[in-house]
Amino acid sequence: MSYPRIDLNGALVAITGAARGIGLATARAFVAEGAHVALGDLDEALAVRAAADLGDRAMGHALDVTDKSSYAAFLDAAARWRGRPLDVLVNNAGVMPNGAFLAQSDRIDQLTMDVNVYGVIHGMRLALPGMVERGRGHVVNVASLAGKFPIKGLAVYNASKYAVVGLTAATRLELDETGVSVSAVLPSAVRTELSSGIDYGILPAVDPEDIADAVVRTVKTRAAETAVPGYVGLMANAAGLVPESLLKVVRKAAHDDAAITRVDDTVRRVYLDRIEKQ
Ligand SMILES: NC(=O)c1ccc[n+]([C@@H]2O[C@H](COP(=O)([O-])OP(=O)(O)OC[C@H]3O[C@@H](n4cnc5c(N)ncnc54)[C@H](O)[C@@H]3O)[C@@H](O)[C@H]2O)c1
């Protein structure tokens, strides 16, 4: 597959869930490359403040990715702001409730699928037609290692991220030869509010800036999937080849139920309260 080059200097990039965490770090990284960046977030005030801190090559806007008309208004505002079509879309907004599957509420299950799956579908349905018409553009979906590797205490989150990995791979194939690429970035644990209060033990933790660098890199490489750190992607694939009985022993030694049992409830409550209010 070959894709027309996207010059980030002067390009228009839209990022969802960009008021904090990985989305904000990614906005900063694109601005550093000379791009104009629209930051959309449910927390409009925080998005506007974050954009103001990034300077005049950034703008903040209200966005609820679960509402297709809100998503359309965000993308329209971004295009009007720079008077040019979108070059890169980063579907980053996501929520991660944790806890035993049988203890989760229907409402939080629905929210997880609405934000993490339908949010991405809405964004792609809105942005891709213009990109295909122009024969040029790039979509990056921030999935997760949890889109390849089952984790106790994250079952519905797992389901949502497996969906994003499948959606990305299939649309990438469908768009082959249109000049438009779709890539997935698969972070391990990242030090943001979303994972706060969970002690994952041996699972490697990285910073939002590491994911931001990987997202920006995909504009150049157009790689189908980029795991961060890279070796966790290999581990997730290799785990599929290991007999279940052996894998269980390794998992147990690695405290694979951390998202249920190794949680600082006071710290975690702040994040869970935020998503429960959505
Ligand atoms: N932090 C991790 O350990 C980790 C690991 C793997 C993947 N990820 C993925 O990375 C992405 C970003 O996560 P983060 O760690 O930066 O989380 P975060 O909670 O720090 O930031 C997420 C942002 O998304 C926004 N958001 C939530 N719902 C929204 C909606 N409906 N519409 C618009 N914005 C919305 C929130 O307001 C928040 O500002 C998510 O998709 C997450 O699943 C995170």
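Biologist: How far does a polar side-chain atom of Lys161 lie from an oxygen atom of the ligand?

Modeller: This is a predicted model, where local features need pLDDT of at least 70 and side-chain atom pairs count only at pLDDT 80 or more, while totals for chains, interfaces and linings use all residues. Residues are numbered from 1 along each chain as its sequence is written, and side-chain values use heavy atoms, with hydrogens and water left out. The Lys161 side chain offers a polar atom to a ligand oxygen, a pair of N or O atoms within 3.5 Å. That separation is 3.0 Å.

Biologist: Which residue places a polar side-chain atom 2.5 Å from an oxygen atom of the ligand?

Modeller: Leu63 can be set aside, as its polar backbone atom is 3.4 Å from a nitrogen atom of the ligand. The side-chain partner at 2.5 Å from a ligand oxygen is Thr192.

Biologist: What share of the area that the ligand exposes when taken alone does the protein bury?

Modeller: Start from the ligand taken alone, which exposes 830 Å² (Shrake-Rupley method, 1.4 Å probe). The protein then buries 98%.

Biologist: How many charged residues are in the shell around the ligand?

Modeller: The ligand is surrounded by 30 residues (a heavy atom within 4 Å), with Arg20, Asp41, Asn92, Tyr157 and Thr192 the closest. Elements supplying at least two shell residues each include α1 (21-32) and α5 (155-174); helices are DSSP runs of H or I, at least four residues long, and strands are E runs of at least two. The shell has 14 nonpolar and 10 polar members. Charged residues (Asp, Glu, Lys and Arg) number 6.

Biologist: Which residue's backbone oxygen does the side chain of Arg251 reach?

Modeller: Arg251 belongs to helix α8 (residues 244-253). Arg251 counts as buried because its relative accessible area is 16%, and buried means under 20%, exposed over 50%, and partly exposed in between (1.4 Å probe, protein chains only). At 2.6 Å, its side chain reaches the backbone oxygen of Pro150.

Biologist: Is Glu177 buried or exposed?

Modeller: Glu177 is in the loop between α5 and β6 (180-187), and has a positive phi of about 75° although it is not a glycine. With 76% relative accessibility, Glu177 is exposed.

Biologist: And Arg222, buried or exposed?

Modeller: Arg222 lies in the loop between α6 (208-221) and β9, and its phi is also positive, near 55°. Its relative accessible area is 5%, so Arg222 is buried.

Terms used
Polar contact = N/O pair within 3.5 Å; in protein donor to acceptor, adjacent residues only side chain to side chain.
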